[in-house]
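Please open the model in your viewer and show it as a cartoon. The tour below goes from one selection to the next and says what is found at each stop.

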Amino acid sequence: MEINSPKTLIVVAHPHIADSTTQQFLQAAVHQTSAIWHHIDGLNSLDVQQERQLLAAADRIIFQFPLYWYAAPASLKKWQEQVLSTNFIQQQLGHKQLGLVVTTGLPQKAFQTGGSASFTLDQLLAPFYAFGQQAQMQCLPKFAIYQFSYLTERQQQQLFMDYQRYLTQPSPDNLLNRSNWYLNYLQQHPQLPQQALLIDYLTQQILTLDNLQTTWNLIKEAEDDRLDI
């Protein structure tokens with residue numbers, strides 16, 4: 001089953017990406033998708049027009065970076081100041097999707113109420129949400145990765161798939177779209193154990209959801225007809 005994945009651009013900011021096992025892991029996941037990995041620290045020179053063309057061509061724009069002293073790396077701030085302008089974001093980025101992939105060495109509990117960070121991760125990321133609002137973009141929930149080096153192999157495998165889904169699954173993130181994405185993923189990865197059983201199960205779930213949606217639409221139409229009387 002083919003899904004209509006969005007055209008995703010990942011703007012990656014990391015000054016020492018070759019030394020980052022987390023970013024190397026994420027890059028390996030991207031290579032199995034149609035998303036574009038764009039490492040801005042690795043650019044020899046910054047061509048503003050080319051950067052804007054990449055942004056304009058994307059349906060989903062992801063800012064991906066490690067959290068340094070509770071903020072994004074300076075390279076991302078510099079890139080934003082050089083590439084973005086009020087006219088450009090309002091004319092070219094409106095109605096696109098904005099996602100944030102953030103890695104941190106702190107545990108998740110550090111960003112909870114009473115945690116050592118004193119602020120939630122959403123509060124620290126507020127400038128990016130403000131940017132999305134100004135550009136009239138659809139802001140996706142953040143994708144946070146806490147203490148990657150402590151993850152078990154099973155947790156890393158789950159992260160690998162969840163990250164790919166964050167990049168490529170069509171919106172909205174409802175049960176039907178998730179089921180279709182997982183079904184497509186299983187069909188493209190035949191080496192997974194019990195693949196045939198999982199595909200059959202997901203196919204049945206999708207059919208059930210389609211039938212429920214059809215029934216719901218009929219109920220709504222009947223209610224609308226009664227209101228018109």
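**The whole chain**

Keep in mind that this is a predicted model. Begin with everything selected. The chain has 229 residues, and 41% of them count as buried. Its secondary structure consists of 9 helices and 6 strands. Measure along the principal axes, and the C-alpha trace spans about 60 × 50 × 40 Å. If you display contacts between residues at least 6 apart in sequence, 74% of them join residues at least 24 apart.

**Strand S3**

Next select residues 60-66, which form strand S3. How many of its residues are buried? The count is 7 of 7. Show the side chains. In a regular strand, side chains alternate between the two faces of the sheet. Here Arg60, Ile62, Gln64 and Pro66 point one way, while Ile61, Phe63 and Phe65 point the other way. Both sets are buried.

**The strands paired with S3**

Add residues 8-12, strand S1, to the selection. S1 and S3 run parallel and are joined by 5 bridges. Pick Ile10 to find the residue that stands opposite Ile62 of S3.

Then add residues 97-104, strand S4. This strand is also parallel to S3, with 7 bridges between the two. Ile61 has Leu98 of S4 as its bridge partner.

**The nonpolar cores**

Now select Leu55, Phe63, Phe65, Leu76 and Leu93. Within the largest nonpolar core, which has 31 residues, these five touch the most other members. At least two residues of this core come from each of S1, S3, H3, H4, S4, helix H5 (121-124) and H6.

Centre the view on Leu93. Apart from neighbours within four places in sequence, Leu93 is in contact with Leu55, Ile61, Phe88, Phe131, Ala135 and Met137. A second, separate core holds 24 residues, including Val30, Ala35, Val101 and Leu159.

**The second largest pocket**

Turn on a surface for this stop. Rolling a probe the size of a water molecule over the atoms shows where empty space is left. The second largest pocket has a volume of about 380 Å³. Of the 20 residues that line this pocket, Lys77, Gln80, Pro127, Phe128 and Phe131 lie nearest its centre, so select those to find it. Helix H3 (74-83), helix H4 (86-92) and helix H6 (126-134) are the elements that give two or more residues to the lining. H3 supplies the largest share, 5 residues. By type, the lining divides into 14 nonpolar, 4 polar and 2 charged residues.

**Two single residues**

Select Thr22, in helix H1 (residues 21-30). Is Thr22 buried or exposed? Its relative accessibility is 13%, so Thr22 counts as buried, the cut-off being under 20%. Leaving out neighbours within four places in sequence, the contacts of Thr22 are Thr103 and Phe148.

Finish at Arg154, which is found in helix H7 (residues 153-168). Arg154 counts as exposed because its relative accessibility is 70%, and the cut-off for exposed is over 50%. To relate this stop to strand S3, draw a distance from Arg154 to Ile62, C-alpha to C-alpha: the two are 25 Å apart in space and 92 residues apart in sequence.

Technical notes:
Residues are numbered from 1 along each chain as its sequence is written. This is a predicted model: local features need pLDDT of at least 70, side-chain atom pairs count only at pLDDT 80 or more; totals for chains, interfaces and linings use all residues. Side-chain values use heavy atoms; hydrogens and water are left out. Buried means under 20% relative accessible area, exposed over 50%, partly exposed in between (1.4 Å probe, protein chains only). Helices (H or I, at least four residues) and strands (E, at least two) are DSSP runs, numbered from the N terminus. Two strands pair if DSSP finds at least two bridges between them. On a 1 Å grid over the protein atoms alone, a cavity is a set of points where a 1.4 Å probe fits but cannot get out, and a pocket is an open set with protein on both sides within 12 Å along at least five of seven lines; lining residues have an atom within 4 Å of a point. Grid points are joined across faces, edges and corners, and a volume is the space filled by probe spheres set on the points. Ala, Val, Leu, Ile, Met, Phe, Trp, Tyr, Cys and Pro count as nonpolar, Asp, Glu, Lys and Arg as charged, and the others, Gly among them, as polar. A nonpolar core is a set of buried Ala, Val, Leu, Ile, Met, Phe, Trp, Tyr and Cys residues joined through side-chain atoms within 4.5 Å. Contact means heavy atoms within 4.5 Å.
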